[in-house]
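Student: I am new to this structure and would like a close look at its aromatic rings. Could you take me through them slowly?

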Amino acid sequence: MEDKFASVYNKFKLHFYQETFARFQNREASLTTVEAFAMEAIYALGSPTVHEFADFMRISSSNAAYKIGSLIRKGYVEKVQSESDGREYHLRPTQKYLDYYDITSSYVHKVMERIKQRFSPEDLAKMDEILTVMGEELMPEVSLPVSGDAAGAEA
């Protein structure tokens, strides 16, 4: 079963790589690999502060600020002032990143639609239960916000 899970996970990753390379075939990709990882984390964390991002990624605040500065200059993230604390800024992916991210989310959606067509309601309920337990109990090393699309959108 472990091999099958790894195979499914790899198929999601490889599909993303195929689509990404196809889109950037005739031009230079504007996100480095590390920047792409950083953006995925920012999106999944649901508008973290620079400090929250740095803590999650286990990097220094200055290193995080440098990476965020590059992502801002490239137009993939923006800083939004907190309404509750004017000294604090949250990182929010721009539409440019959301268009890039759609490569992954649209394929997850497509596969989920196929799963809904293929399996019985009882099987779907069991799969939902298994995925919930995996996300909430069996992966304590990665804590994501409960609300928002990002927390449940990643494959």
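Student: How many aromatic pairs does a search of the whole structure find?

Tutor: Happy to help! This is a predicted model, so local features need pLDDT of at least 70 and side-chain atom pairs count only at pLDDT 80 or more, while totals for chains, interfaces and linings use all residues. Residues are numbered from 1 along each chain as its sequence is written, and side-chain values use heavy atoms, with hydrogens and water left out.

The search finds two aromatic pairs (rings of Phe, Tyr and Trp, the last by its six-membered ring, with centres within 6.5 Å; planes under 30 degrees apart are stacked, over 60 edge-to-face, the rest tilted). In one, the ring centres of Phe12 and Tyr107 are 5.7 Å apart and the planes stand at 70 degrees, so this pair is edge-to-face. Phe12 belongs to helix H1 (residues 2-23) and Tyr107 to helix H5 (residues 95-118), so the pair ties together parts 95 residues apart in sequence. Helices here are DSSP runs of H or I, at least four residues, numbered from the N terminus. Phe12 has 22% relative accessibility, so it counts as partly exposed (between buried, under 20% relative accessible area, and exposed, over 50%, with a 1.4 Å probe and protein chains only).

Tyr43 and Tyr97 make a tilted pair, 6.2 Å centre to centre with 55 degrees between the planes. Because Tyr43 lies in helix H2 and Tyr97 in helix H5, this pair links parts 54 residues apart in sequence. Both Tyr43 and Tyr97 are buried.

Rings also meet charges here: the charged end of Lys96 sits over the ring of Tyr76, 4.7 Å from its centre (NZ of Lys or CZ of Arg within 6 Å of the ring centre and within 35 degrees of the ring normal). Likewise, the charged end of Arg118 sits over the ring of Phe119, 5.0 Å from its centre.

Conventions: Helices (H or I, at least four residues) and strands (E, at least two) are DSSP runs, numbered from the N terminus.
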